[in-house]
Amino acid sequence: MTRNNIKNYFVMSVLILSASGMIQNNAFAAPTLGTASNFAVLGGTTVTNTGNTVVTGDLGVASPGVACTGFVGCTTTGLGTVTGTIHVGDPIANQAHADAATAYGSLIGATCTTIEPAVADIGGQTLTPGVYCFPSSAAITGTLTLDGSGVYIFKIGSTLVTTAENSNVVLINGATADNIFWAVGSSATLGTNSVLEGTVIAYTSITATAGATVDGRLLAINGAVTMDTNNVTVVGTGDGGNGNHDDDEDCTGGHGHDHDGKDHDGKGGHGKGHDKDHDNKGHKDKGHDGKYSGKQYGKN
């Protein structure tokens with residue numbers, strides 16, 4: 001083989017490897033959340049709550065929505081508390097809503113690496129990073145284990161349901177909540193005492209039933225977020241795009257928090273920040289380390 005042939009072979013090999021890396025990186029790319037990354041809860045029409053819900057992060061309602069109910073500081077007060085800022089129909093909420101809608105569009109445009117059955121229950125499975133596509137609905141019954149560092153995207157054509165009591169998502173071997181995204185074509189329902197990891201962006205609405213816990217975000221584009229005695233803690237954004245502020249004092253990023261009196265070390269993007277005892281909300285210790293119409297993002 002001549003020197004020129006060797007050089008050409010080397011250059012071609014580099015180009016092939018680079019192209020392969022770009023394809024893989026694009027397939028697994030986390031969306032940029034923009035200002036929506038600061039919000040633990042964001043509704044397209046309203047946010048309502050019953051009971052002692054604790055939200056760690058911002059809470060917002062995009063215009064023309066004009067009300068949130070059931071939280072101290074909302075238009076109608078209640079027992080829920082927000083460690084962060086409440087935005088109702090203001091420019092900050094509206095921009096976050098627009099950014100959430102953009103992220104939703106990015107998620108539903110991601111290339112599938114695995115196509116699930118039309119109606120799939122992924123409880124009891126162990127999954128590695130990838131883009132999992134559900135033509136219709138997805139459910140989690142029991143425990144879903146996410147194994148390994150990287151981005152997990154779940155593209156769901158219609159509904160996400162974790163109705164089985166105590167269903168949960170467990171993260172192992174470097175999987176982190178800030179790199180998990182659930183793009184839901186219609187509505188998401190989180191079951192009693194269930195634990196979900198990651199950011200949920202639903203085209204319509206999100207309902208968290210009694211005792212459900214989320215490490216991530218609940219972002220509804222065109223409908224309401226309905227809550228009942230829940231814990232929702234925003235997580236660090238990682239490759240998903242940094243917001244404009246951190247709610248922790250030293251602005252180091254993320255939210256360390258204490259569930260059931262167990263002091264977590266801030267893995268999975270929680271980092272250093274709020275250490276908050278969530279008063280018997282029942283988070284399971286798993287050892288884990290804006291008004292935009294949305295019209296162009298129809299159901300996948």
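The following exchange concerns the disulfides and one strand of a predicted model.

Trainee: How many disulfides does a search of the whole structure find?

Mentor: One disulfide joins Cys68 to Cys74, and another joins Cys112 to Cys133. Counting bonded cysteines along the chain, the pattern is 1-2, 3-4. The search of the whole structure gives a total of 2 disulfides.

Trainee: What is the handedness of the link of Cys68 and Cys74?

Mentor: A disulfide is a covalent bond between the sulfur atoms of two cysteines. For Cys68 and Cys74 the S to S distance is 2.0 Å. The angle about the S-S bond is -115°, and the link is left-handed.

Trainee: Is Cys74 buried or exposed?

Mentor: Its partner Cys68 has a relative accessible area of 0% and is buried. Buried means under 20% relative accessible area. Cys74 has a relative accessible area of 11%, so Cys74 is buried.

Trainee: What is the handedness of the disulfide of Cys112 and Cys133?

Mentor: The sulfur atoms of Cys112 and Cys133 are joined at an S to S distance of 1.9 Å. Because the torsion about their S-S bond is about -100°, this disulfide is left-handed.

Trainee: Where in the chain does Cys133 lie?

Mentor: The pair links distant parts of the chain, 21 residues apart. Cys112 is in the loop between α2 (91–108) and β8 (114–115). Cys133 is in strand β11 (residues 130–134).

Trainee: Which class of accessibility applies to Cys112?

Mentor: Cys133, at 7% relative accessibility, counts as buried. Partly exposed residues fall between the cut-offs of 20% and 50%. Cys112 has 33% relative accessibility and therefore counts as partly exposed.

Trainee: Which side chains of strand β22 point to one face and are buried?

Mentor: In a regular strand the side chains alternate between the two faces of the sheet. Strand β22 (residues 225–228) shows this alternation, with Thr226 and Asp228 pointing to the other face and not buried. The buried side chains are those of Val225 and Met227.

Trainee: Which residue in β22 is the bridge partner of Thr50?

Mentor: Strand β2 (residues 46–50) and β22 run parallel and are joined by 4 bridges. In β22, the bridge partner of Thr50 is Asp228.

Trainee: Which residue stands opposite Val225?

Mentor: Strand β20 (residues 206–208) also runs parallel to β22, and 3 bridges join the two. Val225 belongs to β22, and the residue standing opposite is Ile206.

Terms used:
Residues are numbered from 1 along each chain as its sequence is written. This is a predicted model: local features need pLDDT of at least 70, side-chain atom pairs count only at pLDDT 80 or more; totals for chains, interfaces and linings use all residues. Side-chain values use heavy atoms; hydrogens and water are left out. A disulfide is a pair of cysteine sulfur atoms within 2.5 Å. Buried means under 20% relative accessible area, exposed over 50%, partly exposed in between (1.4 Å probe, protein chains only). Two strands pair if DSSP finds at least two bridges between them.
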